[in-house]
Amino acid sequence: MSDALLSATGVTKRYAGIVALQGVSLQVHAGEFAAVIGPNGAGKSTLFDCLTGVQRPDRGQVTFDGRPVDSLKPAARARAGMARTFQRIELFGGMTVLDHLIVADRARTRRGGLLADVLTGSHPSSEELDRCATVLELLGLEEWAERPAESLSLGKGRLVELARALVCEPKLLFLDEPSSGLDRHETDEMGHALQRVQREHGIAILLIEHDVPLVQRLAERISVLDYGELIASGPTEEVLSNQKVRVAYLGGST
Amino acid sequence: MQLLEYAIRGIPTGCVFALLAVGLVLTYKTSGVFNLAYAGQAYVSAIVYYELRKELEWPLVAAGVVSILVVAPLIGLLLERVLFRYLRSAGSMAKLVTSLGLLIAIPEIAKLVFGSETRKNPPPLWWVRRTDEWLWPEGATFVLDAGQVATIVSTLVVVVGLVILFRSTNLGLRMRAVVESPRLAELSGVDSERVSMAAWMLSSVLAGLAGVLIAPLFASLNPFDLFTLLVAALAATVFGGLSSIPLTFVGGILLGVLQAVLAGTLPTDSVLTNGLRPSLPFVVLFLLLLFRPGLRSTRELVDPLATVDAPPPPPVVRARPQWVATSARVFGVVVSLVALLVSWFALDQYWLGLAISGLVLSVTMMSLIVVVGMGGMLSLCQAALAAIGAFALAQVVEASGAPVVVGLVVGILVAAAVGALLAVPVVRLDGVYLALATLAFALMFQSIFVPLSWVSGGAVPISVPRPVIGPLDLSDDRYFLVFVVVCVIATALVVIRLREGTTGRFLQALQTSDVAAASIGIDGPRARVVAFTIAAGIAGFGGGLAAIDLGQASYEASFPYIIGLVWVALLVSAGARSIQAAVLSGLFFFLFPALLDKLFAFPGNWVETNPDAPSWVASIADTIQPTWAQSVAFILFGIGAITYAKHPEGSIEAQTTASVNALVRRVEARNAAREPARVGGPGTGGTTP
Ligand SMILES: Nc1ncnc2c1ncn2[C@@H]1O[C@H](COP(=O)(O)OP(=O)(O)OP(=O)(O)O)[C@@H](O)[C@H]1O
Ligand SMILES: [Mg+2]
């Protein structure tokens, strides 16, 4: 499986006393829709943190797009093509929705900089605004563009995080429980948006999600974490019918 | 043997450091406040003790009890009840700025209350001054004076007391639980209100005790000496990792011993070592902050006990309609032009000079906009960086005879270079630690580098001529005013463009969420180093201008670190991101004390010109001293900073926002009434600069 976009081997992470991850290996292929499920506290978010560089794993290697990224900081990994959203939403203060996207676009294109700022003021260019508008439209956020991010509902906030991640034009998108806090309708919309992102833009997605029907509908492959260990991984239906998974995750019930 | 003697001499000082440090840890852990005002509290107790013991000749025990066990805890209680309990869920920046304001205000309040005369030879907390006559056997080598004996004895008493308190009383156990693990304590249902109140009182007693004990070491009582002491205590708390009380204690004593040993062994014939000796605490604090492992990742400082309440949401920026932005700009230009014309034609030499100094200071204030307002880093060393700009300018102009304007550019570059060197290690630190590290740098700069002649030119400041630009000789204050206005406008334009451009956007993203900014590829440390460096350059520019304004590059006159702290308090309370706030607070810093001065001198002058005034008027006039002006001004500056927690965007900014919103509402209502058919108000978009 050397052609994997992301490949993690033996990732282990301990916090004082707790083993959050124990030798987890995982692959995501280019353009694929994969998911990670597992009960609360299983180590899913910690796995994301280790893959995106927010946490240093105690052991294990991560390669992305054909090169090891273990020594790269989160910002460098982001520039290499990883983008993510957060379980506890992380928006920027004092910025409108559009500002969020412009910042992300600038971070990718590296437009502006000291001299450019002072000489030209680096106002948003029409290409920048076009790119942001495309993403806003994709997620149905057009009317919210000028709203301060603080005034948004949790659901809209999650969409803004997703939009911000998409503007980075990633190769792989990490989504940490994007549907939590959303109502049924919003969840459906989010699901459709994710499908479009993957199919039309060819962006691979790795999704953490508690909503099993949603995962079933979206993900081609899933990995199951329990107490920091990978207990199953493979095509969605196969894994979901696995007895071990049912015991650990679905509490043994049907 | 000699070394041992020095070491033993250091123990009493170390004990005082340790007492203060333990008090700091107590309040820090129970209320999340890094209490810079602690030095002020120690100072008040020292004054009270001095007055009672020396002026009123009270007996030792009574004076000690009142100053340490009554006055000190009352101050602590007051601070906790009136101020800090409302700040529990505020960010660490708000808490720090509040305590910074208190640090500035408390000694000045003490001056007003107790009088500002110098208090020589503070009395020890002991019955006699020297102990060798009765305590020490004939011919013994060590002479510990009464103050030192008192220190050791009281420290022992305190240690025993604390051990009993923490081991066997209910309150003490809870306090220790909170200090060692706030999370656990909270889970087990500790009443954080009471614990925090008790901790504030206890730590204030320790401050008072330390103040009274250390006072006899100095020739006279002076708030700055006590502040130095606080820095030593800070070093000890950092040594203890801000949580371990025993380790903090050991850190304090070690520092005292190290200081005494260095004092005894360093050669006395060099400016460098003479500067190094008293500044050991600053150096140690700086190095500990940079190199002690485990400090960088501490992110739980905000409110250990109030984790349940989320911090208040940041102010929502309401996009202002374009017409408001435009008219605000026009209004600003008109007001500035009128002010300029008035200054040109109507101001006399005195007020014109002050206005110029105020405008010059607003350049340095703008450096604070970049580092504090945009970068979110509470730098406490902008005054030092400004001084570096001034010194570089003066040295270059004196050595090479280069034009002053060239010197200004050199000053900017040198200050920016020093800023960059400092920024690389410092920006990795979190909020409070960054503030402390920059403070330590400012203190080191003051006591180690300023005395060196290759830095400042030595004891006599280097003079700086006013430049001549074309036909304009800037030694005419009115021409100089125009020059300064041009400099202010140029700086403001640069700052505005940075703030609205990519640099400002990245910094703003970093300020609210480091991880999210990193997740879109923003390199946080790099962006912060850039901001710090630019701010240092702007500060260097401001410092250079100040030197030209004054005619010399004088550290004493323009840049002492405490003045720098006042600048931060002023700007932050006016509005850390706003150009108006920078200009107004610069002007305010010079004009307000002068106005107060005139105000307080007025009754006296009136009585002089009206000899038949009634005697009660004369007696009032007698009490009101013009010397109050500086104190009152500083107190108000300090109190201004205390309001920061309520208006983190700054009072001027809050005021502007409120009135703009009201105006917009009114205009929109009128438009709606007039043209009910038209949908929506005037076009939206854009924020005012
Ligand atoms: N910073 C930390 N310090 C100590 N322990 C931590 C830290 N972060 C996570 N943990 C612990 O590691 C384990 C895994 O946490 P993680 O957040 O990865 O779980 P999760 O699978 O994302 O759970 P959830 O579904 O609730 O989001 C948990 O037991 C958690 O308490
Ligand atoms: Mg999680």
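Which residues of the predicted model are the closest to ligand 1, and how many residues surround ligand 1? The shell comprises 13 residues, of which G41(A), K44(A), S45(A), T46(A) and Q87(A) are the closest to the ligand. When these surrounding residues are sorted by class, seven are polar and four are nonpolar, while two are charged.

Oxygen atoms of ligand 1 take part in polar contacts with both side-chain and backbone atoms of chain A. For Q87(A), which is also among the closest residues of the shell, an N or O atom of the side chain lies 2.8 Å from an oxygen atom of the ligand. A polar atom in the side chain of N40(A) is placed 2.9 Å from a ligand oxygen atom, and at A42(A) the contact is made by a polar backbone atom, which is 3.1 Å from an oxygen atom of ligand 1. Of the 630 Å² that ligand 1 exposes when taken alone, 64% is buried by the protein. Two elements of chain A, namely β2 (18-28) and α1 (44-52), each give two or more residues to the shell around the ligand, and the largest share, three residues, is that of α1(A).

In chain B, the domain assignment distinguishes domain 1, which covers residues 18-232, from domain 2, which covers residues 363-559. The centres of these two domains of chain B, taken over C-alpha atoms, are separated by 36 Å. Contact between the domains of chain B involves 10 residues of domain 1 and 10 residues of domain 2, and the area buried between them amounts to about 810 Å², with 92% of this area given by carbon and sulfur atoms. On the domain 1 side, F34(B), M93(B) and L96(B) together supply 48% of the area buried against domain 2 of chain B, a contribution that exceeds that of any other three residues.

The contact between the two chains draws on 37 residues of chain A and 29 residues of chain B. Between them, chain A and chain B bury about 2700 Å², and carbon and sulfur atoms account for 64% of that area. Within chain B, the residues that lose the most area to chain A are R497(B), R505(B) and I520(B), which together make up 24% of what the chain B side buries. By their numbering, these three residues of chain B fall within the bounds assigned to domain 2, 363-559.

Methods:
Residues numbered from 1 in each chain as written. Chains lettered and ligands numbered in written order. Predicted model: local features only at pLDDT ≥ 70, side-chain atom pairs only at ≥ 80, totals over all residues. Heavy atoms only, no water. Near = heavy atom within 4 Å. Polar contact = N/O pair within 3.5 Å; in protein donor to acceptor, adjacent residues only side chain to side chain. Areas by Shrake-Rupley, 256 points an atom, 1.4 Å probe, with all protein chains shown as cover. Helix = DSSP H or I, 4+ residues; strand = E, 2+ residues; numbered from the N terminus. Nonpolar A, V, L, I, M, F, W, Y, C, P; charged D, E, K, R; others polar. Domains from an automatic or database assignment. Contact = heavy atoms within 4.5 Å. Buried area = accessible area lost by both parts, 1.4 Å probe.
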